Amino acid sequence: MARIPDTEIERLKAEVSLVRLIEADGIALSKQGKDYAACCPFHEETTPSLIVTPSKNLFHCFGCGVAGGPIDWLMKRRGISFRHATELLREGLPLAASAATVKHASVRTLPMPVAVDADDQAALGQVVDYYHASLKQSPEALAYLKTRGLDHPELIDTFRLGYANRTLGLRLPEKNRVAGAEVRGRLQRLGVYRDSGHEHFNGSLVVPVFDLAGNVVELYGRKVRDDLRPGTPKHLYLPGPHAGVWNEAALAASREVILCEALIDAMTFWCAGYRNVTASYGTQGFTDTHLAAFQRHGIERVLIAYDRDEAGERATQGLAERLQAAGFGVYRIPFPKGMDANDYALKVQPAAKSLGLLIRKAAWLGDGQAPKRPLQAACETEAITAGREIPEPDSPPILAAKKMAEPVIALPAAAVPPGSACDVNAEVSEQEVVMRFGEGDTGRRWRIRGLPKNLAVGVLKVNLMVSQADAFHVDTLDLYAARARAVFVQQAAAELRMQEAVLKAELGRVLLKLEQVQDDTIREALEPKAPPVPAISEDEQQAALALLRTPDLLGRVLADFEQCGIVGEATNKLTAYLAATSRKLDRPLAVVVQSSSAAGKSSLMDAVLAFMPPEETVRYSAMSGQSLFYMGETNLKHKVLAIAEEEGASRASYALKLLQSDGELTMASTGTDANGNLVAQEYRVEGPMSLFMTTTAIDIDEELLNRCLVLSVDEGREQTAAIHRRQRERRTLAGFMGKETKDAVLALHRNAQRLLRPLAVVNPYADQLTFLDDRTRTRRDHEKYLSLIDTIALLHQYQRPIKTLTVGDRQIDYVEVTPQDIAQANTLAHEVLGRSLDELPPQTRKLLACVQQLVRERADTAQLLVQDIRFSRAEVRHASGLSDTQCRLHLDRLAALEYLLVHRGCRGQSFEYELLFDGDLAAHSPQLAGLLDVTQLMATGTTDSSRGEHPQFAGSTRPQNGPVAVATRKELSAQTSTLTRLITNEPNTLPETRHPLSCETRSYTQPVIVVTGV
């Protein structure tokens, strides 16, 4: 049942005068102070006991106890239901005086929406009109349309949408009346009423289906609320077989039609501007009437836009065969798996562009090559709509004449209307725009100021002055306001002593020209401006090469981070640095830094990005859902996209995930060329890009977690103390000198990053690597692990031979992975990827360790068992130093995962906790089991994938053939220990090793090779 909003009920209680309502019933009220008194009509009495209080708009009888407000009075006095009384008061109809109280009224005082003498078709049309009027007055139904993206200003009136809110029966006489029995019986035969006497479409958005003569032939209802009883159907139709074709009039204007599974999806396309759309009645609801309509209107192509689920795919296959047998060209609009048109349009904004892209990508379902792409058909429709000649010479002139004869029906398959061209010459400067009409003393000069402030489409508030010789008129107005323009023209005509028609025409041309200037200004303002790439001198290049050839390069990176003032966080710094470097790969890494507020996640991101060239980083505080689609085609390609807070990009999360997974975003829409002609324009954003975000959320979106490396900022006391020491050092003389050297270090690393080439990376050890396969999510974690190895190899490209592979006429330069790269990646993967597979976030795990220590100390002091210790949140808050909000969130998570047991405290609403976890947290620290022991590679040798050979290792563990030196097992262990000590902040006393630099070129006529990153 459609519920009356509480705000409406409260409004009636406050606005309907109870005094006038009672007097309208013929009851005399006498003044008693601020109140009124009368004899109660609900029981026999001679002394007035009914008191009416106007200030509160309430009544109360001290004799029989009846009380309430205007609605209660009407219910008691008329013997009607709450809903009926409310509708009477909402109508505001004058209520005739009633001499006596009735227990139940059977005569409706509200006007009847259905005439007694109406036939079936007229009655059905009157019901649709009543539902249509109800929808416009129902905030609940209008809100539902908005949540589904169906808030187009013309949709409701164009298709006569309605809302069944259970008030139809309140306006019909009861069955005990002749008129009531006749009207209700007719509506029951039509299916509007059920045998139980209830409205069939109660609580539903009602969509009527009309034939070409305007008769209602079908009704569809969609429940607007989701909190329905189990088993309640959400989709309703009139009883009997389906009839009619929704939006059949549009079929006469196009050779192509979009066929949706449901009417909600069809209206989604319509609101996005694609008007040549209709719908079947569910997966099995394509009727012979649909087929006959397609044939009658000359449809040639059908774009099936059924849901992308199992039922939709099965129905699409069967429907495609049926349509192809009838001679239609059939295409499939490719929604993402599990989505329908409405879901996709809501998630990928703007809907006009996202749906347009899918239409252009519609897949041909017939045999062989498609006879004509949907893009060509859309261009034909747009050309016909604009009244231009179809650009194909073989187009039948009869069909073109037919479509041009019905310009109202021939709506374009695009949401962007053709723009109006204006050939007025304008002098545009930063301060003003000047246009001139006429010559000499009879010419007029129009000056516009304030245009640069109007950087939003639909806003054109300017200071406008028109002058002729010494006469002028100036005013500030909104040029999109018709009333303001009319006043301006009238006053300017009086000042310049000219006819209003001349100035009105010139003002129209000024408006069109200003729109063009505004569009150019907005386009220029929205176009991202990449920072200029500085030139690198010979000395700077040599210094950067020396850095990249440092034997212990990762150790040098960590040392430079320390020199720049970023203490601790060795694993996080190195992982984030490698992730940013991976932007040059075809499958870059993505990073999310997770921590509580003020822990330093933004400082970590700023420090890593400072090591990257500014022209290769793009930073935003937040992103809207449409922002990615307005970027330039290559603005993100092989760059780092940094977003200050994950929550600020929530609206763009879907597009970010697509860009991260697919490596590109594409969208098509209709625009105009320089001549104002409609053309199809494609918006494309190329990747790949490395994503860098921070978040304070404890629970990270699973889809995001699967695609990113999750880093956690160290929130320990030791790290805080180290940060404090570094902050104090900055105030000293040494700290001041450190600022001078910091810029040089950052410049050195930026130049080194600029010298890195986007080479392909080949891993000759890939087939020997191992990884966990006990759960599905490791499929993406394994890809991150391999990308981490590739990035380390890419960073060391100036310490490796650059090899060349010739494939046909194309040469591919690549660098190979060494065992050292795998060992260093394993060291990082244990903590980074091991943490992503852990069920406890690092902050929660740290609190669990604090709780375990607290419980054990209390158990030892009190000589009790651990399971006998109870503790409060306040004790945990005091021991951990966390805020109450953070402490509560982590304790709730530990309780949900059954690490803690919650008990009711001794103070009523308080809680106490019991520690259930009895394991060793050190043993449960993040570890990534199943990784290959790298020293085994030295014992078994490796496979050279480019040669198809298996080099054998001699006693010195070096290959017998080839110029490339491979580290010995001792050297490998030394380098791995060096990285481990750097990560754990231990001193490094191991010797350095250097890799020779050489180059080798190979050529193949029939290469068979797997190249990572190409």
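Start with the salt bridges: there are 33 of them in this predicted model.

**Stop 1: Lys136 and Asp157**

Select Lys136 and Asp157 and show their side chains, which meet in a salt bridge at 2.8 Å from N to O. The two residues sit 21 apart, with Lys136 in helix H5 (residues 120–136) and Asp157 in helix H7 (residues 155–158), so this pair links distant parts of the chain. Turn on the surface and you'll find Lys136 partly exposed, with a relative accessible area of 45%. Asp157 is also partly exposed, at 41% relative accessibility.

**Stop 2: Asp606 and Arg619**

Next, pick Asp606 and Arg619, a salt bridge whose closest N and O atoms are 2.4 Å apart. Asp606 belongs to helix H21 (residues 601–610) and Arg619 to strand S21 (residues 617–620), so the bridge ties together parts 13 residues apart in sequence. Why is Asp606 called partly exposed? Because its relative accessibility is 35%, and the partly exposed class runs between the 20% and 50% cut-offs. Arg619 counts as partly exposed too, at 45%.

**Stop 3: Lys784 and Asp781**

Now jump to helix H26 (residues 778–795), where Lys784 and Asp781 are 3 residues apart, or about one helical turn. Their side chains form a salt bridge with an N to O distance of 3.0 Å. Are these two buried or exposed? Both Lys784 and Asp781 are buried.

While you're on charged side chains, select Arg255, Glu256, Glu300 and Arg301 together: salt bridges with shared partners join them into one network.

**Stop 4: helix H10**

Select residues 288–296, which make up helix H10, and colour His290, Leu291, Ala293 and Phe294: these are buried. Look down the axis of H10 and those buried residues fall within an arc of 160°, so they line one face of the helix. Swing round to the other side of H10 and you'll meet Asp288 and Arg296, which are exposed.

What covers the buried residues of H10? The cover includes strands S10 (256–260), S11 (277–279) and S12 (301–305), along with helix H11 (310–325). Before you leave, click on Gly298, just after H10: its phi is positive, about 75°.

**Stop 5: helix H22**

Another helix to pull up is H22, residues 653–662. Within H22, the buried residues are Ala655, Leu656, Lys657, Leu659 and Gln660. The residue that follows H22 is Gly663, which has a positive phi near 85°.

**Stop 6: the nonpolar cores**

Time to go inside. Select Leu578, Phe692, Tyr785 and Ile822, the residues with the most contacts inside the largest nonpolar core, which has 67 residues. Then select Leu135, Tyr144, Ala272 and Phe335, which are among the 45 residues of a second, separate core.

**Stop 7: Leu847**

Centre on Leu847, in helix H28 (residues 842–862). Leu847 counts as buried because its relative accessibility is 2%, and the cut-off for buried is under 20%. Which residues is Leu847 in contact with, leaving aside its neighbours within four places in sequence? Show Val876, Ser880, Leu882, Cys887, His890 and Leu891. For a sense of the fold here, draw a C-alpha to C-alpha distance from Leu847 to Ala879: they are 32 residues apart in sequence and 9.5 Å apart in space.

**Stop 8: a nonpolar patch on the surface**

Back outside, select Leu733, Phe736 and Met737, which make a nonpolar surface patch of about 360 Å². Met737 is part of helix H25 (residues 733–755). With a relative accessibility of 51%, Met737 counts as exposed, since the cut-off for exposed is over 50%.

**Last stop: zoom out**

Clear your selections and switch to cartoon for the whole protein chain, which has 32 helices and 32 strands. The chain runs to 1014 residues, and 49% of them count as buried. Among contacts between residues at least 6 apart in sequence, 65% join residues at least 24 apart. Finally, put the full surface on: the protein chain exposes about 49,100 Å², and carbon and sulfur atoms supply 51% of that.

Definitions and conventions:
Residues are numbered from 1 along each chain as its sequence is written. This is a predicted model: local features need pLDDT of at least 70, side-chain atom pairs count only at pLDDT 80 or more; totals for chains, interfaces and linings use all residues. Side-chain values use heavy atoms; hydrogens and water are left out. Buried means under 20% relative accessible area, exposed over 50%, partly exposed in between (1.4 Å probe, protein chains only). Helices (H or I, at least four residues) and strands (E, at least two) are DSSP runs, numbered from the N terminus. A nonpolar core is a set of buried Ala, Val, Leu, Ile, Met, Phe, Trp, Tyr and Cys residues joined through side-chain atoms within 4.5 Å. Patches are made of residues with over 30% relative accessible area and no salt bridge: like charges are joined within 9 Å, nonpolar side chains (Val, Leu, Ile, Met, Phe, Trp, Tyr) within 5 Å. Accessible areas come from the Shrake-Rupley method with a 1.4 Å probe; for residues, only the protein chains shown count as cover. A salt bridge is a side-chain nitrogen of Lys or Arg within 4 Å of a carboxyl oxygen of Asp or Glu. Contact means heavy atoms within 4.5 Å. The arc is that of the directions from the helix axis to the C-beta atoms.
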